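Visitor: I have a structure open and I'd like to learn how to read a few of its features. Could you walk me through them?

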Amino acid sequence: MARRSALSIRIVEGRNLPAKDITGSSDPYCIVKVDDEAIIRTATVWKTLSPFWGEEYEVHLQPSFHSISIYVMDEDALSRDDVIGKVCITRDMLVEHPKGYSGWMSLSEVDPDEEVQGEIHLRVEVLGGQGDRRRLCCTVLEARDLARKDRNGASDPFVRLRYNGRVQESAVVKRSCYPRWNETFEFELAEPAGEKLCVEVWDWDLVGRNDFLGKVVFSVQGLEVAGQEEGWFRLWPDKSKPREDERRGSLGSLQLQVKLRDETVLPSHCYQPLLQLLCQEVKSGLQDGQVHLVTLLDETTTAECRQEVATNLVKLFLGQGLVKEFLDLLFELELAKPCEPNTLFRSNSLASKSMESFLKVAGMPYLHAVLGPTIARVFEERKQVELDPGKVELRDVGCSGLHRVQTEGEVIEQGRQHLQAYLGELLDAISRSAPACPPAIRAAFRQLFRRVAERFPQHQHARFVAVTSFLCLRFFSPAIMAPKLFHLRQTHADARTSRTLLLLAKAVQMVGNMEPAAGRAKETWLAPLLPALQQGIAQMKAFISQLVGTEEEEEEEEEEGEGRARGSPVAVVKEGLLFVHKARGRGPLLAATSRKLHFCLTPEALSFGKSPGAERSGAIALANILAAEKVEEKSFGSSHVMQVVYTDEGGRQETAYLQCKSVNELNQWLSALRKVCGNNPQLLPAYHPGVFRGDKWSCCHQKERTGLGCDRTRHGVTLQDWSDPLDPAAEAQRLFHHLKGLRGTLREKYWELLEPKDTRNGPRGEDAPLPEVLSQLFEVLGDLEGQHRLAQPPDPPAPALLQLQT
């Protein structure tokens, strides 16, 4: 059984941001932090006060996380980036919105006294009996992950304790965010024990005022019953001082979509009855006079969660080797509804959303291979492409001394030539790509092609439009328009490139519609592109004919390959160039002569060599990896260094320090390593965020090189990605969570959809007889609910030491 929290966050756009540059604009990007640890950086949107990002992420977190903060920053090439403001969303706020929060949130000013993080380890007890003078004793043991306030990437922390008018302070630990004090402080216990004990952590500064690092406030009354309490306590900001946030609203706002999903995933065998029932329904197909379970799912799933349900179903049936049958059933159900041949699958039905999800899950490598070269060329060349006279910008051309202004016609003709060249290159790549298209996708499109031909025998054109409505309108065109969102680029396009991509996406969309004249009815300025579009339509038809070829041997090969398409992890999980930092120790990495190596992560090992095609210099077996964690910035002067802790062939523990180029790449590598090593039995519970130099660790100053780490490891924090291997138990759990609240709605919808001629005269309420499939579904859901109740851990007893935040 696994307990985890999944956080979905979509950063849509910002508005009314303040100008930070002398040009009167800003270059905004966002940093997403979970409990003050940066896990995501969006792309920078240049020269704007109303940026659009549209970036969506899903993060698996420890269930104990407290808050998520989104910082809006202004990128500056010459100095440190400016902080514009932040939005903070607590876990409690997300729990109050089980369906997720969506809307605009005002940015608030970043107050240094509120930028605290970390935990402190304390032991508090009451000494002395009733006849003796009783004392309150507080032992300050250690702290971890404190905020970094000094330029060296660390702090100089000390502890200040306040109780009943007295103040005591600990020693200062220099240059450490993981200090160890082991100091005990005593106070005379107040009678009655109504006073609170305040434990504050400060960063000592030689010049200027000390920086606040956080505090914990305790009620001492409960301690008298227990006598002693010990534990780790989270540090909180100081909110006792009134502060008027006069700038709230003047810093602009962010449009966000955030949803928290707490999951208790049972062992996979618990979900077998649900999986078997769903698979049985898909295999049986449509039957006359009966309402299919998939129809009920389609009718009862709201628009806001249809995409999520569609993705869960697609992944679930991919894992069962039944995705072609599932999609074919959806096609059949959709085509049974009243519909026009030229508008097939244009609505956001379960069929449309499922096929869209299927293409993203199974076809991303194919998409990258087809679109990647053309998209890269558009970004590199940054040519001016414009066909709309209303948007033409005239500029000087010619050599020195012979400048002249281009005419509008020249600009449009030049834009047409550039756009036609890009479109031709793209359509050629698509035309050649049929053999490279994943077998599962070809099989699904073949079934769609046949179903539409059977439904509209007099409109043979419709079968081609049905395929392109998914392939072009929901896959290729969105990826061309926003390549960052499909992982084709790491940055968003600038204004000129974005316009080129938009026009190229429009052209592909018109080719997909297969009626270019109708496509330019409202945009007559696209007329110069008409010959290229007509040629593209002919290419697209030929490509689709090849894609859905009906040779028997090809069909058999595709069916064999379908089960393999996503049933096992891809051969290469992640690869790329990383900088290797030398440190004390042994092993193949530490003996490497080159500082920059190409790393390749597979389901078996993390291997490395001088270049992608070069012979591998060495490897670390995944079974030997103990932890994959971040490294303190002060250790190597960079905030993008990770460490891979592993055991060598002799059983000795070694650490490799690898530097990434950005926070996103760092977290992607950590996420990939944690996923493939998640089941290793010897994973470390703690690690050292620093390095061992001289005779001590730089983080906590411990002298023992092999001593227990000073911070907890974060094996459960990972980023969801399209290349993740299938997790049938997790998908079944999410589907169960969706279905368990729909039993009444499913019952009502069944009676509503059942034809009057097949209904019985009798009650349709709770006591009405249900079809066998619904009865089985409700029974399975009831059993799973019972297993979840048994699996829930009992509530921990309330601690005698009551923590109160003032």
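Guide: Let's go through empty space, a helix and a single side chain, keeping in mind that this is a predicted model.

Visitor: How many cavities of 30 Å³ or more does the structure hold?

Guide: Here's the idea: rolling a probe the size of a water molecule over the atoms shows where empty space is left. In this structure there are 4 cavities of that size, and the largest has a volume of about 70 Å³.

Visitor: Which element gives the most to the lining of the largest cavity?

Guide: That's helix 16, with 4 residues. Strand 3 (37-41) and strand 30 (718-719) each supply at least two. Among the lining residues are Glu 37, Asn 667, Leu 670, Ser 671, Arg 674 and Thr 718. By type, the lining divides into 5 nonpolar, 3 polar and 2 charged residues.

Visitor: Why does the length of helix 16 agree with what it should span?

Guide: In general, an α-helix has 3.6 residues a turn, so residues three or four places apart point the same way. For length, count 1.5 Å a residue: the 14 residues of helix 16 (663-676) should span 20 Å, and its end C-alpha atoms are 20 Å apart, so the two agree.

Visitor: How many residues of helix 16 are buried?

Guide: 11 of the 14, so helix 16 is mostly covered. Trp 669 and Leu 673 are among the buried ones.

Visitor: And a single residue: is Gln 168 buried or exposed?

Guide: Buried means under 20% relative accessible area; Gln 168 counts as buried because its value is 18%. Gln 168 sits in strand 11 (166-169), and its side chain reaches the backbone oxygen of Glu 186 at 2.8 Å. Beyond its sequence neighbours, Gln 168 also touches residues including Leu 161 and Phe 187.

Definitions and conventions. Residues are numbered from 1 along each chain as its sequence is written. This is a predicted model: local features need pLDDT of at least 70, side-chain atom pairs count only at pLDDT 80 or more; totals for chains, interfaces and linings use all residues. Side-chain values use heavy atoms; hydrogens and water are left out. The expected span of a helix is 1.5 Å times one less than its number of residues. Buried means under 20% relative accessible area, exposed over 50%, partly exposed in between (1.4 Å probe, protein chains only). A polar contact is a pair of N or O atoms within 3.5 Å; within protein, one must be able to donate a hydrogen and the other to accept it, and residues adjacent in sequence count only if both atoms are side-chain atoms. Contact means heavy atoms within 4.5 Å. On a 1 Å grid over the protein atoms alone, a cavity is a set of points where a 1.4 Å probe fits but cannot get out, and a pocket is an open set with protein on both sides within 12 Å along at least five of seven lines; lining residues have an atom within 4 Å of a point. Grid points are joined across faces, edges and corners, and a volume is the space filled by probe spheres set on the points. Ala, Val, Leu, Ile, Met, Phe, Trp, Tyr, Cys and Pro count as nonpolar, Asp, Glu, Lys and Arg as charged, and the others, Gly among them, as polar.
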